[in-house]
Amino acid sequence: MAFLRHIWLIPLLPALGALTQLLAGRRLSNRAVSIVSVGLPGLAFLWALGCFAELLKLAAPTYLTNLYTWLPAGPFRLANGSLAQLNVPVGFQLDPLSAVMLLIVTGVGFVIHVYSIGYMGHEGGYYRFFGYMNLFLFSMLILVLADNYLMMFAGWEGVGLCSYFLIGFYFQRKSAADAGKKAFIVNRIGDAGFLLGVMLITVTFGTLNFQQITEAARSGQFALGNGTLTAICVLLFVGATGKSAQIPLYVWLPDAMEGPTPVSALIHAATMVTAGVYMVARSNALFVLAPKAMLLVAAIGAATALWAASIGLVQNDIKRVLAYSTVSQLGYMFLACGVGAFAAGIFHVMTHAFFKALLFLGAGSVIHALGGEQDMRKMGGLRRKIPITFATFVVGTLAISGIPGFAGFFSKDEILWQAFSSPYGHRLLWFIGWATAGLTAFYMFRLLFMTFAGESRVDAEVAHHLHESPWTMLGPLVVLAVLSVVGGYINWPTERFGHFLEPVFESPFRAAGVQLYGRNDELGLMVLSVAVALAGLGYAWLIYVKRPGLRERLAEPPGILHQILLNKYYVDELYDALFVNRAKNLGNLLAAFDLAVVDGGVNAAGWLTRTSGDLSRFWDKWVIDGLVNVLGFGIKVLSYPVRVIQTGVVQTYAFFIALGVAIFLGYYLVHFRP
Amino acid sequence: MSHILTILTFLPLVGATVVAFIPRTATAKIRWVALVTSLVTLAWGIGLFLGFDLHHPGLQFVENYPWIESPPVAYHLGVDGLSVLLLLLTVFLAPLAILASWRSIGERVKEFHLLMLALETGMNGVFVAQDLFLFFVFWEAMLIPMYFLIGIWGHERRIYAAVKFILYTMLGSALMLVAILYLYNATGTLELPAILAQLSGPAPPISPKGARWLFLAFFLAFAIKVPLFPLHTWLPDAHVEAPVAGSVILAGVLLKMGTYGILRFCLPLFPEASRQFAPVISVLAVIGILYGSLVSMVQPDLKKLVAYSSVAHLGFVVLGIFAFNPMGLEGAIYQMCNHGVSTGALFILVGMLYDRRHTRLISEFGGLSSVLPVLGAFFLFVTLSSLGLPMLNGFVGEFLIILGAFHRRALYGALAATGVVLAAVYLLWMYQRVFLGEVRSEKNRALADCSGREKLILTAMAAVILGMGVYPQPFLRRLDQSVAEVLARVQPGEEAALVFGSPKGWNDASRVATSSATTFHAPWLLPLPGPERERGPLDLTRDSRRELRDAAPAELKGIAGVACTPGEAPRAGMNRR
């Protein structure tokens with residue numbers, strides 16, 4: 001049990017890589033950076049294989065271990081009145097579901113790391129790129145290995161952060177920085193929903209541990225359609241729509257293509273964006289008790305699948321087509337979860353990881369060959385120039401289009417069958433999925449033909465440097481191409497994959513489900529979906545290969561419908577007008593309010609105080625002081641005559657005395673003369 | 001009686017005295033004396049933190065001497081978990097603030113450091129004083145150095161800001177002084193524990209109506225300090241105009257005095273009134289969160305942006321306090337520390353940009369990551385901590401607060417969660433405009449990246465941010481006892497009855513014994529055998545891990561199969577930490 005006991009090493013290994021690169025990477029040579037940052041994920045993959053082997057040998061389906069208590073909260077009273085104490089540990093859980101995710105993340109992650117050696121070899125910030133990629137693997141592994149919702153949330157936010165870093169990897173470019181910020185903020189809206197779901201779980205169950213919540217949910221104490229559980233599921237699903245790019249929060253993913261192509265392959269196709277599917281599947285015990293939430297999941301999934309596929313029909317940027325295709329395929333996965341076919345959803349997560357990583361890396365190889373060109377209107381005829389890329393790309397396209405024999409066929413067909421036949425399913429859901437399959441085949445073959453078939457529309461300057469990619473890039477393509485073929489046979493002809501996951505998804509309702517449709521129905525539907533895929537293929541061939549004059553037609557002004565699709569239904573503009581600008585205006589309004597009213601009140605109080613001070617001063621100076629002054633002045637005036645004679649000069653006094661004496665003497669002499 | 005707290009409080013003042021005797025031209029010597037003093041104080045504070053007894057009820061390290069005979073004022077010091085954390089925060093930020101001013105303060109160096117050290121004494125005093133008179137003395141004494149720090153070393157509108165700051169605070173102080181005098185008149189004592197005993201006794205000397213008025217008087221004084229919406233407008237001005245060290249101390253410590261006061265005085269002294277006013281205050285706190293975030297979003301000035309983000313963050317703290325449950329309270333106190341570290345770091349970083357460019361306008365920057373990669377990386381790290389990224393400190397506090405608020409009233413939690421989204425918006429948008437994109441202004445092309453001193457400051461802060469996010473237990477556990485005591489007053493008979501140390505509590509040995517049988521299979525609720533608990537948290541987790549390892553695989557295999565009825569599972573969880 002050596003591997004399982006130290007399962008914490010799996011996330012730790014890439015974390016060490018990230019630490020090395022981000023702290024000391026600048027001083028390392030590119031070679032050393034590659035050895036550390038590709039070697040450690042490789043080791044993690046090996047360790048994961050060891051864990052997987054040991055898990056198969058365990059009698060129980062689940063292995064649990066925890067390191068230490070991370071976050072304690074409480075005690076508090078639950079809704080039902082009992083007391084609870086939340087102790088969230090740094091704990092790991094390996095069961096069939098997380099094992100599948102673990103192998104996808106480490107396996108595909110490792111392959112894409114190898115590819116990046118070639119792809120990023122000539123880019124600046126090589127160490128920074130690998131530091132972020134390693135950090136991403138760490139966060140993603142925390143997400144899938146967590147044994148509780150809060151730690152999952154930690155990984156969830158961590159992958160969002162790394163996505164932010166990597167989308168904005170070329171941060172000098174404004175569009176890249178914008179796209180990174182958009183991704184993080186749109187994700188955060190979803191995260192707020194997730195967080196509230198976590199809160200509601202806490203106050204309902206008193207724990208965040210998956211195992212305990214699942215047991216409580218399956219214990220039968222919650223009725224089917226329980227309001228609280230429905231609220232929890234809807235909140236969790238809001239989180240999932242953010243991370244897994246579903247309506248209405250899908251807008252960030254196409255913009256995320258600003259990042260380097262290996263990032264698009266690993267994060268925005270194979271692993272991170274499937275985290276929402278994983279989370280819903282992980283919460284399956286709750287979802288099956290909330291049929292309304294299930295319907296919401298299925299409806300949003302189906303709608304997103306169709307919506308994104310329709311936008312993908314007309315895009316000209318090779319990576320954007322793939323981005324919308326990812327959104328669309330994620331819709332399929334949610335459709336599966338929504339109709340209760342969690343295993344089918346996870347199966348599609350796996351096959352999609354193979355063929356979508358392959359397609360993105362193939363697109364990367366094309367872009368690499370063309371020196372950075374991403375516009376398919378400037379490609380064409382590349383099949384002879386880069387044959388290995390072409391061959392693997394064909395495999396990927398066949399797989400995603402659902403052509404029998406390739407991995408995507410098995411998983412997509414399972415989803416469509418379940419959408420039709422499951423007790424949660426509906427024919428309309430099946431129909432949307434079926435129609436989307438046709439669109440998928442069309443836009444993927446359109447991409448293939450525009451890129452590789454026909455005449456070359458490549459600029460002369462670029463054509464001159466055209467070259468096949470190095471083996472570090474082609475090797476991963478070949479590996480993924482093989483997986484894109486054999487991946488499907490894991491679940492065929494016997495349902496090995498489904499049985500393996502059964503302990504996670506066992507549900508009392510499944511057993512009770514009535515088998516409405518038989519094997520013939522399944523075969524009939526299969527024929528229909530193959531037919532629609534071939535129709536899409538044929539139509540693409542007709543337009544982009546058979547009919548001449550492609551170059552001219554591409555230059556023509558597009559029609560109205562085309563225009564709407566090309567502008568992605570103007571959703572970005574709508575969101576800008578509705579939310580972004582409103583929020584900014586509100587912020588400005590409040591800032592003005594703060595300055596004018598709140599602070600204005602404070603300043604007014606200050607002014608009032610000062611003014612009353614001024615008034616007092618005026619009163620003092622002119623009234624009170626005035627009175628005193630008037631009094632003083634009066635006395636001064638009155639005393640003036642008196643003061644004049646009081647000179648203090650003795651001679652004057654003597655003079656006046658003498659004068660007085662003289663006056664008296666004169667008077668006497670005049671009147672009393674004898 | 002030991003003199004640990006006296007030494008902690010007055011050590012900076014001793015340093016200030018030494019500084020006073022150094023000639024004003026010997027600036028290097030002055031700086032070093034101030035720095036060393038604050039570092040020694042920090043070491044002393046860490047010692048206090050480690051020596052703090054987790055299970056001891058009430059105050060610790062008490063010093064109590066009569067000081068004035070009539071009115072009977074005592075020199076009464078003591079700390080509980082709340083004080084210990086805030087003291088640690090204070091003594092941690094002080095040396096960093098001094099270090100951050102190493103180059104930017106060039107004038108009146110002697111006065112600056114004198115005042116900084118005096119300020120530290122004042123702040124420490126506020127957190128240790130247990131006598132209302134003494135508390136008020138420290139509270140007022142601390143304002144004076146701050147006034148001068150803003151007024152002398154501040155920016156353009158420093159006089160306006162300093163006067164506004166002092167008047168605003170004084171208004172609150174006056175109300176508090178009246179309330180203190182009223183309390184003295186009613187109880188005949190100024191010592192907090194004695195007043196508390198009288199008020200919680202069978203015949204409280206204050207009528208409910210009187211208590212309401214006293215609550216309001218105290219609360220207004222503290223709410224201004226916090227600042228709670230709509231009393232916040234002194235804060236942007238004071239923060240923007242203050243020098244770096246002033247902003248750090250203002251945001252880091254002074255704002256916390258408001259929330260400290262609420263926890264120390266308002267809640268325990270007037271529990272009835274607290275409950276009555278809680279809805280209004282919670283609504284104001286939520287408004288503060290959203291309002292502060294939205295206003296922060298559109299600020300053109302970096303410092304003002306950070307200042308308004310403080311309004312939002314402190315809104316979280318107040319919301320947590322008035323959730324009246326252990327999660328909310330512990331989260332609030334934790335968030336007080338987080339905000340001190342993260343926002344302090346943000347102010348230091350903005351100060352570093354200001355040192356280089358002499359502007360704080362966001363529009364002047366852009367693309368700085370190419371020129372200043374190290375500074376940009378630190379800035380991003382702190383920004384992430386401020387927006388509550390899990391595994392960094394901010395998340396722990398915000399999660400606990402939102403959980404507490406959600407538990408009290410789901411709507412509060414939902415609105416607070418919106419604040420989390422807005423935090424990402426304003427912080428990342430700011431980061432993008434300052435650090436990402438192309439370098440637009442020629443003036444930004446030749447800036448020097450972080451010096452060794454700056455790296456030292458930022459590394460220390462980053463380490464604390466990460467440590468508090470990954471392993472919050474040592475801090476949270478020190479709060480259990482204090483939070484339980486506050487809750488016992490505010491919510492008698494409710495949650496408080498369960499918390500650590502109380503006789504009916506969940507850690508009662510017999511209870512652990514009875515519950516252990518049902519919980520053994522769930523490792524994350526692993527119960528602790530009695531004697532092991534004594535060893536403390538570190539051993540505890542190590543032991544549970546070892547136990548797990550020994551038990552594997554037989555025990556672990558059973559996990560999936562063990563039925564754990566939800567009624568029992570939570571109770572088993574009482575084996576906290």
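Helices and strands here are DSSP runs, numbered from the N terminus. With that in hand, welcome to a predicted model in which 78 residues of chain A are in contact with 84 residues of chain B. A good place to start is Ser244(A), which sits in the loop between α9 (227-243) and α10 (252-255) of chain A. From there, the tour goes to the core, the hairpin, the interface, chain B and a few backbone details.

**A loop serine in chain A**

- Ser244(A) has a relative accessible area of 0%, so this serine counts as buried.
- Leaving out residues up to four places away in sequence, Ser244(A) touches a run of neighbours from Val273(A), Thr274(A) and Ala275(A) to Gly276(A) and Val277(A), along with Leu330(A) and Phe334(A).

**The nonpolar cores**

- The largest nonpolar core holds 415 residues, and Tyr149(A), Phe322(B) and Phe399(B) have the most contacts inside it.
- Helix α16 of chain A (residues 342-369) gives the most to this core, namely 18 residues.
- What does Phe322(B) touch, once residues up to four places away in sequence are set aside? Its partners include the aromatic residues Phe215(B) and Phe219(B), as well as Ile262(B), Leu267(B), Ala278(B) and Ile281(B). Ser274(B), Ser282(B) and Arg408(B) are also in contact with Phe322(B).
- Another core, of 19 residues, lies apart from the largest one, and its members include Ala336(A), Ile415(A), Ala437(A) and Leu525(A).

**The hairpin of chain A**

- Strand β1 of chain A (residues 63-77) has 13 of its 15 residues buried, so the strand is largely enclosed by the rest of the structure.
- β1(A) runs antiparallel to strand β2 of chain A (residues 83-94), and ten bridges join the two.
- To find your way along the pair, look for Ala73(A), which stands opposite Leu86(A) in β2(A).
- Five residues lie between the strands of this hairpin, and Gly81(A) takes a positive phi near 95° there.

**Where chain A meets chain B**

- How much area do chain A and chain B bury between them? The figure is about 7200 Å², with 71% of it on carbon and sulfur atoms.
- The count of salt bridges between chain A and chain B is one. Asp599(A) forms a salt bridge with Lys164(B), with the closest N and O atoms 2.5 Å apart.
- Polar contacts between the two chains come to 16 residue pairs, both residues being at pLDDT 80 or more.
- On the side of chain A that touches chain B, the elements giving two or more residues are β1, β2, α6 (149-167), α7 (174-205), α8 (210-218) and α27 (571-645).
- α7(A) gives the most to that side of chain A, with 17 residues.

**Chain B as a whole**

- Chain B has 24 helices and two strands.
- Of the 577 residues in chain B, 65% are buried.
- Among chain B contacts between residues at least 6 apart in sequence, 79% join residues at least 24 apart.

**A loop serine in chain B**

- Ser441(B) lies in the loop between α17 (410-435) and α18 (452-470) of chain B.
- Is Ser441(B) buried or exposed? Its relative accessibility is 19%, and the cut-off for buried is under 20%, so Ser441(B) counts as buried.
- Beyond its neighbours within four places in sequence, Ser441(B) is in contact with Arg357(B) and Glu364(B).

**Backbone details to look for**

- Most residues other than glycine have a negative phi, and most peptide bonds are trans.
- The peptide bond from Ser70(B) to Pro71(B) is cis, with omega near -5°. Pro71(B) is in the loop between β1 (60-68) and β2 (73-79) of chain B.
- Another cis peptide bond runs from Phe229(B) to Pro230(B), with omega near 0°. Pro230(B) belongs to the loop between α8 (208-225) and α9 (234-241) of chain B.
- Lys568(A) is not a glycine, yet it has a positive phi of about 55°. This lysine lies in the loop between α26 (560-566) and α27 of chain A, and Lys568(A) counts as partly exposed because its relative accessibility is 22%.
- His358(B) also has a positive phi, near 55°. The loop between α13 (326-357) and α14 (368-371) of chain B holds His358(B), which at 57% relative accessibility counts as exposed.

Note on methods. Residues numbered from 1 in each chain as written. Chains lettered and ligands numbered in written order. Predicted model: local features only at pLDDT ≥ 70, side-chain atom pairs only at ≥ 80, totals over all residues. Heavy atoms only, no water. Helix = DSSP H or I, 4+ residues; strand = E, 2+ residues; numbered from the N terminus. Buried < 20%, exposed > 50% of the residue type's maximum accessible area, 1.4 Å probe, protein only. Contact = heavy atoms within 4.5 Å. Core = buried A, V, L, I, M, F, W, Y, C linked by side-chain atoms within 4.5 Å. Pairing = 2+ DSSP bridges. Buried area = accessible area lost by both parts, 1.4 Å probe. Salt bridge = Lys/Arg side-chain N within 4 Å of Asp/Glu carboxyl O. Polar contact = N/O pair within 3.5 Å; in protein donor to acceptor, adjacent residues only side chain to side chain.
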